[in-house]
Amino acid sequence: MAQEYDLVIIGRGAAAFSAAIRTSEITSNQAAIAMIGFGPIGGTCVNVGCVPSKYIIEASKAASTQRNPRYPGIEPSDPSIAFDKLMESLREAVKEERKSKYEDVLKFYPNITLYEGKASFISSDTVKVTSKLGEENVKGYNFIIATGSSPKIPQIEGLEEIGYLTSDSVWSLNELPGEVGILGGGFVGLEIGQALHRLGSSVRIIKKHDTIARGIEREVGSELIRALENDGISFLTERDIEKVYRRGDKKIISTKYKGKSEEIEVDEILIASGRKSNVEGLSLENARVEYSDNGIKVNDDFSTRNPLIYAAGDVVDQRYRLETLAAREGAVIASNIFQHSSKGVSLQEVPWAIFTEPQLASVGYTEDEYNRNFGKAISRVLPLVTVPKARILREDTGMFKIVADENTGKIVGIHVLAPYAAEFIIEGVMAIKNGYTYHDIIDNSHIFPTVAEGIKLTSQSFTRDMAKMSCCME
Amino acid sequence: MAERKVTMRVFGMTCDDCVRTVSDGLKKEGADVLSVSLEDGMAIVKIDDAKISAEKLVKASVFGEESHYKAQLRKVE
């Protein structure tokens, strides 16, 4: 006989925890919740995503600042880096974060039962959980699938034979690779690439296209590539990878470039070709849940084709894969199930960032997207050097771009490449969510001198010539 | 008109007063309350589905946004 639960959550990352906690709040901790999963608790973000990547990025920034001080009079020196100690501290930080934000949190929710194992649907309301201890069936009146995503591994001849790193395995390194070839140049490749470069690796990013990723404001993305090239990272674009193989201690990436063969010799290969939704093994067809290679198909309220089953986070077929979005979706679904709501999440109001230096942060439509969909965008671009605080920081690479509706002046997209961009993009979120115009941004005092002031200055540039304006001019 | 027996899971009840509040809330919607159990958080009622549907009953004001009681359908017979 199957154990029965009010809610069965498959997965135990950000979306799963958010859904479980919100459900507990709504039901006064009375909903019986099963949370089924395997591997370290907490999902991608805390274990192999945001937390370790931001840790190594900040550490590498400290090393880079010592090597390249920004201010005259402060002499450069080569930092002595014990990579193994750094990585040990990184793993310790991950462990602490996982304990405080996931393992310890569960103690407050006696209504949540953890199942260690892999779930697969055997009917529309029951899963079979397979663990080391055997198999058991778990029945749910409601389900949330929140199994996340994994690095996508491209089919390249020889790759499995010679081995490679991914954003899952790179955190186990104890020795800094001398030369690193990164296949793919999305967020993960850029962030880890810059960190390894600043710690002493020679990094080459090898990719087909000269853009970062789909959906990034083109000129802001190009400026980021320029910033990373200035930092010392090589971008080898227009490369088709034919095969990889080992030659002695080295790994050889064999590419086709402008019709000619080209070999790139590295010590380690990092795969950064995007992520795939974790749907394998769930037997979703047994539950009438529709999915594709891009993930589970959901309605606006995150219900699937089976109305008792919802999906949240990276496993969903949607534009972004973000921890914050996953957590929001988990909470929204809890409300939809237990408060009979039918809420959705507007992806146009969801900010995202690349934590390189400088940081790229973005929310809303790119100019092209808005023109394509609505045909009436206007925009302004402000170079970072026109922001006084950026000059104080001696940071000259970066820009602000604001996209607005031509008729109403309402802001529909803000894209920033600047120091601390991830910290202040929230102003863009509030602007888009509340339908602010660039006049509304101008009508609020911003602190001087901050990099965030660039959003106000860019707004002002819709109506005035910035060269004719004094400092803090209203 | 059709009489239905509705079984629902009720969350948020912690005392006999809660049971009374939930029972009164269900009666207010026209349901004939057969049982409301604090122990297993279940309520069984009879309804005339020409007057109120089971789906509407779990959204009654006693289970509304401001209330800390919530309900979900388990069985409609």
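User: Which residue in E20(A) is the bridge partner of Ile144(A)?

Analyst: Quick ground rules: residues are numbered from 1 along each chain as its sequence is written, while chains are lettered from A and ligands numbered from 1 in the order in which they are written. This is a predicted model, where local features need pLDDT (the predictor's confidence in each residue, from 0 to 100) of at least 70, side-chain atom pairs count only at pLDDT 80 or more, and totals for chains, interfaces and linings use all residues. Strand E8 (residues 143-145) of chain A pairs with E20(A) in the parallel sense over 3 bridges; helices (H or I, at least four residues) and strands (E, at least two) are DSSP runs numbered from the N terminus. In E20(A), Ile144(A) is partnered by Tyr310(A).

User: Which strands sit at the edges of the parallel sheet E4-E3-E2-E8-E20 of chain A?

Analyst: That one is an open sheet of 5 strands, where two strands count as paired if DSSP finds at least two bridges between them. An edge strand here pairs on one side only, and that picks out E4 (112-116) and E20 (309-311) of chain A.

User: And in the antiparallel sheet, what is the average turn between neighbouring strands?

Analyst: The order there is E21-E22-E25-E24-E23 (chain A), an open sheet. E21 (352-354) and E23 (377-383) of chain A have a single partner strand each, so one side of each lacks a neighbour in the sheet. Angles run from 0 to 180 degrees between N-to-C directions, with axes as lines fitted to C-alpha atoms, for helices over the stretch in contact. With direction ignored, neighbouring strands of this sheet are on average turned by 10°.

User: Which residue in E25(A) stands opposite Leu360(A), and what angle does H9(A) make with E23(A)?

Analyst: E22 (residues 359-364) and E25 (residues 411-418) of chain A pair antiparallel over 6 bridges, and Leu360(A) stands opposite Leu417(A). Helix H9 (residues 367-374) of chain A packs on the sheet, touching E23, E24 (399-405) and E25 of chain A; contact means C-beta atoms, placed from the backbone, within 7 Å. So for the pair asked about, Leu417(A) and, for H9(A) against E23(A), about 175°.

User: How do H3(A) and H4(A) pack: roughly parallel, roughly antiparallel, roughly perpendicular or oblique?

Analyst: H3(A) and helix H4 (residues 83-103) of chain A have axes 9 Å apart and an angle of about 140°. Under 35 degrees counts as roughly parallel, over 145 as roughly antiparallel, 65 to 115 as roughly perpendicular and the rest as oblique. That makes H3(A), relative to H4(A), oblique.

User: Is the crossing of H3(A) and H6(A) left-handed or right-handed?

Analyst: H3 (residues 50-67) and H6 (residues 187-199) of chain A pack at about 35°, axes 8 Å apart. A crossing is left-handed if the near helix is turned anticlockwise from the far one by less than a right angle, right-handed if clockwise. This crossing is left-handed.

User: How many nonpolar residues does the contact of H3(A) with H6(A) have?

Analyst: Residues in the contact include Ile56(A) and Ile57(A) in H3(A), plus Ile192(A) and Leu199(A) in H6(A). Ala, Val, Leu, Ile, Met, Phe, Trp, Tyr, Cys and Pro count as nonpolar, Asp, Glu, Lys and Arg as charged, and the others, Gly among them, as polar. Next to 3 polar and 3 charged residues, the nonpolar number is 6.

User: What ipTM does the predictor give the complex?

Analyst: Chain B has a mean pLDDT of 95, with 99% of its residues at 70 or more. The complex gets a pTM of 0.94 and an ipTM of 0.94.

How values were computed
Contact = placed C-beta atoms within 7 Å.
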